[in-house]
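Thank you all for coming; I would like to take a few minutes to walk through one model with you. Please have the sequence and the structure open while I talk.

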Amino acid sequence: MSGRLDGPVKVTGRAGYGADHNLPGMAHGHVVLSTIAHGEVRHVDTTAARRVPGVLGVYSPFNPLALRPVSTPMFGDTWVPLQDEEVAYYGQPIGLVVADTVEHARDAAMAVEVSYGERPARTSLAEGLADAEDEPPGPDGSSGFSVLEPGVGSIAEALAASPVVVEGTYSTATQNHAAMEPHSAVAVWDAGELTVYSGTQGADLQAVELAAALGVDPACVHAVNPFVGGAFGGKGRTSVAAFLAAAAARALDRPVKVVLSREQVFTATATRGATVQEVALGATEDGTLVAVRHDAWSATSADRAFVEPASSNTKEYYATRNLAVSQKVVPLNVPPTTFMRAPGEAPGSFALESAMDELAVALDMDPVELRLKNDSAAPLGSDLSWSSKHLDECCRLGAARFGWASRPPRGREDGDWLVGTGMATAMFPAMRFPATVRVTVRDDDTAEVATSGADPGTGLLTVLSVVTAESLDVPRSRITPLLGDSSFPPGGTSGASAGTASTGTAIMAAATRVIDDVLALAAGPGAPFEGLEVSYADGRVLTADRSMTFGEVLRATGRTELSADGSSAPGEELTKHSFSSFGAQFAEVRVHRWTREIRVSRLLGVFDAGRIVNPVAARGQLAGGMVWGVSAALHEGLDIEGNGRPANANLAGYLLPVNADVPAVDVVFVEHPDTLHNAVGARGIGELGVVGMAAAVANAVHHATGIRVRHIPITLADLLDR
Ligand code: MOS
């Protein structure tokens with residue numbers, strides 16, 4: 001099987017991203033950001049800005065663009081700029097300058113003079129812990145989650161009664177999605193209809209949000225995003241660039257392009273909030289977990305836009321008789337928080353899987369054996385067992401492939417390098433979102449599959465083609481997949497690792513309908529097979545002794561094409577089973593004895609994610625996630641200064657791994673199709689690869705050096721002799 005259909009146009013630079021569109025008469029907008037972290041905009045002096053040549057408009061809270069608040073079923077409230085004078089973080093969009101060229105817009109934006117009424121800012125998670133709020137109660141009115149066996153009064157009691165206990169406080173850094181394509185948009189109005197070219201995780205969802213913000217009918221908004229240069233959760237909601245470009249284009253009656261600078265992306269979009277987590281594990285001497293406590297504090301922006309759910313997934317990991325998790329919220333004057341690949345699971349697994357390693361050390365037990373010993377058949381507190389779980393196979397296969405059996409109790413030495421290995425469990429819940437696709441068969445025996453959605457680099461475009469070819473029983477070369485246009489049937493979001501399961505199932509439904517229609521046509525009045533028993537295989541309609549391709553049937557009945565829509569949504573399966581993808585992550589690190597430089601030398605992930613529809617793209621998804629886990633462990637962290645300004649809002653200071661930081665990444669699948677989850681049999685893979693990897697690296701660092709670092713990113717300073 002070949003790789004990704006969009007590969008050639010991307011690597012040759014022919015893929016047109018949102019900001020690649022240049023339209024006649026197009027103006028350029030530059031966003032103005034706040035330079036305080038908390039307070040209000042008192043006055044905006046635009047005199048100097050308006051004197052810059054080519055300036056067409058200067059917008060601020062006092063001269064706003066016509067935009068309204070946005071709330072949708074999918075995302076709840078999405079922040080819309082220029083609604084009021086409040087400033088809640090440093091780098092918040094507070095204005096837009098539009099000019100004839102990029103340079104004029106940028107220069108004029110620099111000339112805008114803003115005065116503020118400043119209030120004290122809270123920017124430190126550590127200092128905010130004391131005033132943490134309880135997480136808003138869930139639908140049942142409760143906050144947190146616990147399971148206690150009969151006769152046990154509290155998790156503290158269960159831990160006190162446990163023969164072996166480990167306890168630690170772990171912390172994780174603020175992260176930015178750092179997608180290659182900065183948030184941007186080109187907006188053009190024509191006779192009251194808006195077209196927006198802007199990278200997003202779902203074209204139809206962006207059209208709905210823009211329509212709400214602009215106060216127009218969603219049918220009047222056309223969102224186009226065939227190529228998206230990375231999203232990772234950071235392009236789920238509509239960007240400030242898109243809201244401002246659309247509103248400015250309407251105000252000025254000409255096309256407007258707005259592109260955030262790399263520095264602006266770090267504050268004017270959103271982040272994964274920092275966390276502090278306490279984990280306590282109690283076990284018997286044979287390694288059976290008896291009690292698990294996981295309390296998390298997550299930094300959020302002042303509007304509490306998104307709370308990183310760091311502890312909530314812990315109930316899905318291991319069998320234990322007693323468990324209590326809690327989640328607290330620490331609102332700060334920091335950039336907005338939002339979804340980032342494996343929201344909750346990524347930082348949560350760093351804490352839990354580090355603690356599991358500490359427990360293995362305390363028990364003098366193999367970390368793989370400890371995971372196998374506590375393998376669970378269902379999430380705690382749920383009667384619904386996993387539809388399909390082969391974590392044990394992942395662990396055993398991974399251990400064999402990684403050479404785990406020969407792992408010494410402590411790391412080994414190789415010249416001046418201390419070499420250690422570590423492992424962790426990965427898991428990510430399998431979900432489906434509502435999605436509709438249209439399958440069209442044509443009289444030349446080709447077919448088209450279309451859905452609005454997005455392929456933000458996940459490989460979804462290729463998956464559409466694979467599943468459609470399979471469902472119509474024709475070669476992939478005859479399928480044209482179309483994606484990323486809100487005029488197509490609503491494909492929903494490419495998020496939550498749900499793309500293949502959602503759209504794949506919808507394709508199967510659409511293909512079944514279109515085949516039924518072709519059969520009805522072939523056997524209908526006046527048709528070649530009138531009144532005969534007909535069936536379908538190999539792209540052909542079959543009778544007892546004859547056959548015709550679907551294209552021949554269409555031609556014979558005077559049609560050029562036939563279409564059917566199919567939909568998928570989470571359904572009855574949710575009442576029968578729990579669904580998750582699983583994996584076992586292995587890492588080897590080399591720490592230099594004298595400089596304490598940390599190099600990752602080997603990575604292996606073995607994953608149980610149901611059927612793998614496109615092995616090449618799937619491997620890319622998992623390897624990318626694993627690299628991100630390494631990045632979280634050793635590189636990434638947005639440093640927010642006391643005044644709220646990010647100190648490293650650029651790709652020089654915000655470290656991301658480069659090729660030299662990443663060894664060959666070994667990705668293996670144990671393929672057990674999960675048709676209890678959906679007809680395709682595929683569970684999610686997009687987020688799974690990042691889960692557990694940071695812990696695997698930290699555990700390997702401990703194995704190599706004997707030093708347990710309970711925060712990420714781990715730096716050399718953490719490994720200096722103490
Ligand atoms: Mo995501 S965090 O579902 O892109």
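I will begin with the chain as a whole, then turn to the cysteines, and then go through a handful of individual residues.

Please keep in mind throughout that this is a predicted model, and that what I report has been computed from its atoms.

The protein chain contains 16 helices and 33 strands. Its radius of gyration is 27 Å, close to the 27 Å that the globule rule gives for 722 residues, so the chain is as compact as a globular protein of that length. If you lay the C-alpha trace along its principal axes, it spans about 80 × 80 × 55 Å. Of the 722 residues, 59% count as buried. When we take the contacts with a separation of 6 or more, residues 24 or more positions apart account for 80% of them.

As for the outside, the accessible surface of the protein chain comes to about 27000 Å², and 52% of that belongs to carbon and sulfur atoms. The chain carries 54 positive and 83 negative charges, and the mean positions of these two sets are 3 Å apart.

Now to the cysteines, which at the bench one tends to ask about early. How many disulfides does a search of the whole structure find? The search finds 0. A disulfide is a covalent bond between the sulfur atoms of two cysteines. Consider Cys394, whose closest cysteine sulfur is in Cys395: the two sulfurs are 6.8 Å apart, which is too far for a bond, because a disulfide here requires the sulfur atoms to be within 2.5 Å. The relation holds from the other side too, since the cysteine sulfur closest to that of Cys395 is the one in Cys394. Both residues are buried, Cys394 with a relative accessible area of 0% and Cys395 with a relative accessible area of 1%.

Let me move to the loop between β19, residues 289–301, and β20, residues 322–332, where we find Tyr317. Is Tyr317 buried or exposed? Tyr317 is buried, because its relative accessible area is 4%, and buried means under 20%. Leaving aside neighbours within four places in sequence, Tyr317 is in contact with Ser349, Leu352, Glu353, Ser376, Lys389, Thr425, Met427 and Val691. As a measure of distance, Tyr317 and Met356 are 39 residues apart along the chain, and their C-alpha atoms are separated by 11 Å.

Arg304 is found in the loop between β19 and β20 as well, but at 40% relative accessibility it counts as partly exposed. Its backbone deserves a look, since phi of Arg304 is near 55°, a positive value in a residue other than glycine. Asp364, in the loop between α9, residues 345–363, and α10, residues 367–373, also has a phi near 55°. Asp364 is exposed, with a relative accessible area of 72%. One further backbone feature is the peptide bond from Ile712 to Pro713, which is cis, with omega near 0°; Pro713 lies in the segment after β33, residues 711–712. For context, most residues other than glycine have a negative phi, and most peptide bonds are trans.

Next come two residues that count as exposed. Ser406 is found in the loop between α11, residues 391–402, and β21, and its relative accessible area is 62%. The C-alpha atoms of Ser406 and Pro367 are separated by 13 Å, with their positions 39 residues apart along the chain. Glu413 lies in strand β21 itself, residues 412–414, and counts as exposed at 54% relative accessibility. Beyond its neighbours within four places in sequence, Glu413 is in contact with Leu418 and Arg593. Glu413 and Pro657 are 244 residues apart in sequence and 25 Å apart in space, C-alpha to C-alpha.

The last residue is Glu135, in the loop between β9, residues 133–134, and β10, residues 145–147. What does Glu135 touch, not counting residues up to four places away in sequence? Glu135 touches Ser143, Gly144, Gln327, Lys328 and Val329. At 25% relative accessibility, Glu135 counts as partly exposed. Its C-alpha atom is separated by 9.3 Å from that of Trp297, a residue 162 positions away along the chain.

That is the end of the tour, and I am glad to go back to any of these residues on the screen.

Definitions and conventions:
Residues are numbered from 1 along each chain as its sequence is written. This is a predicted model: local features need pLDDT of at least 70, side-chain atom pairs count only at pLDDT 80 or more; totals for chains, interfaces and linings use all residues. Side-chain values use heavy atoms; hydrogens and water are left out. Helices (H or I, at least four residues) and strands (E, at least two) are DSSP runs, numbered from the N terminus. Buried means under 20% relative accessible area, exposed over 50%, partly exposed in between (1.4 Å probe, protein chains only). Contact means heavy atoms within 4.5 Å. The radius of gyration is taken over C-alpha atoms; the globule rule is 2.2 Å times the number of residues to the power 0.38. Accessible areas come from the Shrake-Rupley method with a 1.4 Å probe; for residues, only the protein chains shown count as cover. Lys and Arg count as positive and Asp and Glu as negative; His and the chain ends are not counted. The place of a charge is taken as NZ of Lys, CZ of Arg, CG of Asp or CD of Glu.
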